[in-house]
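Colleague: Could you walk me through this one? I'd like to start with a helix and then move on to how the chains meet.

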Amino acid sequence: MPEAVLLGDEALAMGAIDSGISAAYAYPGTPSSEIMEYLQAVAPKYGDFVAEWCSNEKTAYEAAVGVSLVGRRALVSMKHVGLNVAADPFINSALLAIHGGLVLAVADDPGMHSSQNEQDSRFYADFARIICLEPRTQGEVYEMTREAFDLSERFHIPVMVRLTTRIAHSRAVVQTGERRPQNPLNKSTEKAGWLLLPSTARKLWAELLENQGQFLAYAENSPYNTLELNEEFFEFGVITAGLGWNYYMENRDEMAVKPSHLHISVYPIPGEKVRRLAERVKRIVVIEEGFSFIERALLGILVPAVKISGKEDGTLPSTGELTPDNVREAMGLKPKQGIEATGLEIPGRPPQLCAGCPHRDSYDALNQAVAGFDQKVVTADIGCYTLGYLPPYQAIETCLCMGASVGMAKGASQAGFHPVVATIGDGTFLHSGITPLVDAVASGSNMTLLILDNSITAMTGGQQTILTSSRLEKLVHGIGVDPDHIKLIIPLKKHTAENAEIIRREMEYEGVSVIIALRDCIQTPKEKKKKEAGE
Amino acid sequence: MKYDVILAGVGGQGVLSLAAIITLGAMKDGLTVRQSEVHGMAQRGGAVQAHLRLSDQTIVSDLIGKASADMILSMEPIESLRYLAYLKADGVLVTSTDPVKNIPTYPEVEGIYATIRGLPSAQLIEAAALAQQAGSARSTNMVMVGAASAHLPVQEKSLLAAIDELFSRKGEKVVEINRKAFQIGWETAALAV
């Protein structure tokens, strides 16, 4: 079999290609972006499938469902919080008569390396009542992605492949297999399987619930869910999931005994295997990356017969990532401590806006503009510009989720506060900022929107935005913002005073005003070069 | 055999390209490799690290545990000290002397060098100056790969082959400069050992 060194994200992309996808859709978000980056990079080599960034995760998911409707296979990928955006089509699609294989790859970010929370997507899979696969090696990422497409077509459901940061962004050798051809166009004949009216949805929901037994049987029998019993040791047993297995195995050789061990890679949770483990031991330690999903299922509300340890009782930290070290301590092994340098305090080095970044000049102008007011609210959004919260700018006050800057500004202004400024990047505006701006215009809110338009999705590595900058102004115009209060500024140091004056005047205007600060991301030429070189 | 390296630096310094060369070289030697990287927000001028694990057997964990790294390889002196807890008692620290002062509270460099020299096993490499000698400031990373290679369980010829492979599309001159930078880095580190 051919071998390649691949990131977990790239292994997933390769698995999808070899499964015969006809299309892949995504919205960039760390740690999932490299799935689509890889698909786009290798598309010319591996054949004619669509590999496209979309406006947001919801539109990406819906496009993938459309591919399935006509019988072809689709991959849709996103980060964990992206699934909140796509939750509506995702949860509902579990009811549909999925036809061509539909696989959702979602990458969680425990430890919040580049995210605003560390939610665990396994809860979403459970919520939708579908199957979730959680690989622990890059090789398994490839294999399980292929399996996910098979399962989707076998059970007529979307199937989730859950990655976490360290598997998504770690490289290892992956053995790839035969590539199978794409499905022919073959529209689904399930007439009532694609339309969720109460009458049809009730039937489809009942069917999905009926099929749960089959999903569970699949999980119970999956060779990925392995149970090894130690017939002579009863003090405790271990359940690992995802990367928990890696860190447990890293330490196991040092343990005096090898306790009974159940590894779970395939969900729903294989209850029978859990019960077989529980029969043998007095205590179960659950080692899982993310939330305490399995642990809480075992704990329930009534006192379980077996003591359950993990993140809920403090055996493992309840926030952040698993590491070889915290798993080591959970196994009762002596902690290791490396060398210590004495007498030197190591200063933190947080990320910051690049030298020459246009946002720097935009924030300088904004800070000058708001300085003239006694009070202000400045909401912001998700992207590089969120770093404007940190010194030296300290220009922004909020960051909630994609697009929230606009809606929050509208709310604050309608509550009676003035002045209110929302700052949002062009990518984020196109993702989720348009609809709240429609709201703001409809209600005649008194707010100013500053669109920091660098013509790229910068934070995630420079993906092309869905609309070119030249069309942003027309879009804002079309929404109904008064043309006299749509201003274009160029955020350069030499324009700062003038730009501050424009922002100040628009803050004083009673109504919705929009300022587009237009200058290319400083990284754009570098990213372009890298992409052209195929790096 | 198992050899664990923590790579450190500042976002934008090319820590990942350094990891890529060693990974490819190790694979040419038939070793198993696992390389964990940082993408996203941290790459914007913040502290970045990568975990690189080499072995002739299966590697299970993507991350290196504390007191387990055989080497800390850093593009920046203060960053080399950030991950000391991960270095084994007999591990080696190899770092560039060139500071990246993008924070207001950057300590006095002589103090940093003194701390590094006080470690059981450490090498300070004047990477930027040596890269100039090789013909281009842009070959700083390859000076550091060369310096690391004096300790790594990877053959010199495999690392050179990796350089050839990864730089070939940039032209013969770039390959030559990077090979030379590697050689200078290796000599500097090997002579000091």
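Modeller: Bearing in mind that this is a predicted model, a good place to begin is α3(B), where B:Glu110, B:Gly111, B:Ala114 and B:Arg117 are exposed on one side.

Colleague: And which residues of α3(B) are buried?

Modeller: Those are B:Ile112, B:Thr115 and B:Ile116. Looking down the axis of α3(B), the buried residues fall within an arc of 100 degrees, so they line one face of the helix.

Colleague: What covers the buried residues of α3(B)?

Modeller: The cover includes α2, β5 and β6 (122–125), which belong to chain B.

Colleague: OK, switching to the contact between the chains: how many residues of chain B are in contact with chain A?

Modeller: There are 45 residues of chain B in contact with 39 residues of chain A. On the chain B side, the elements that give two or more residues are α1 (15–28), β2 (32–36), α2 (77–82), β5 (87–96) and α3 (109–117), and the largest share, four residues, comes from β2(B).

Colleague: What is that side of chain B like by class?

Modeller: The side of chain B that touches chain A has 22 nonpolar residues, together with 15 polar and eight charged ones.

Colleague: Back to β2(B), then: which strand of chain A is joined to it, and do the two run parallel or antiparallel?

Modeller: Strand β8 of chain A, residues 170–175, is joined to β2(B) by two bridges, and the strands run antiparallel. In β2(B), B:Gln35 is the bridge partner of A:Arg171.

Terms used. Residues are numbered from 1 along each chain as its sequence is written. Chains are lettered from A and ligands numbered from 1 in the order in which they are written. This is a predicted model: local features need pLDDT of at least 70, side-chain atom pairs count only at pLDDT 80 or more; totals for chains, interfaces and linings use all residues. Two residues are in contact if their C-beta atoms, placed from the backbone, lie within 7 Å. Ala, Val, Leu, Ile, Met, Phe, Trp, Tyr, Cys and Pro count as nonpolar, Asp, Glu, Lys and Arg as charged, and the others, Gly among them, as polar. Two strands pair if DSSP finds at least two bridges between them. A residue is buried if 20 or more other C-beta atoms lie within 10 Å of its own, exposed if 12 or fewer, and partly exposed in between; C-beta atoms are placed from the backbone. The arc is that of the directions from the helix axis to the C-beta atoms.
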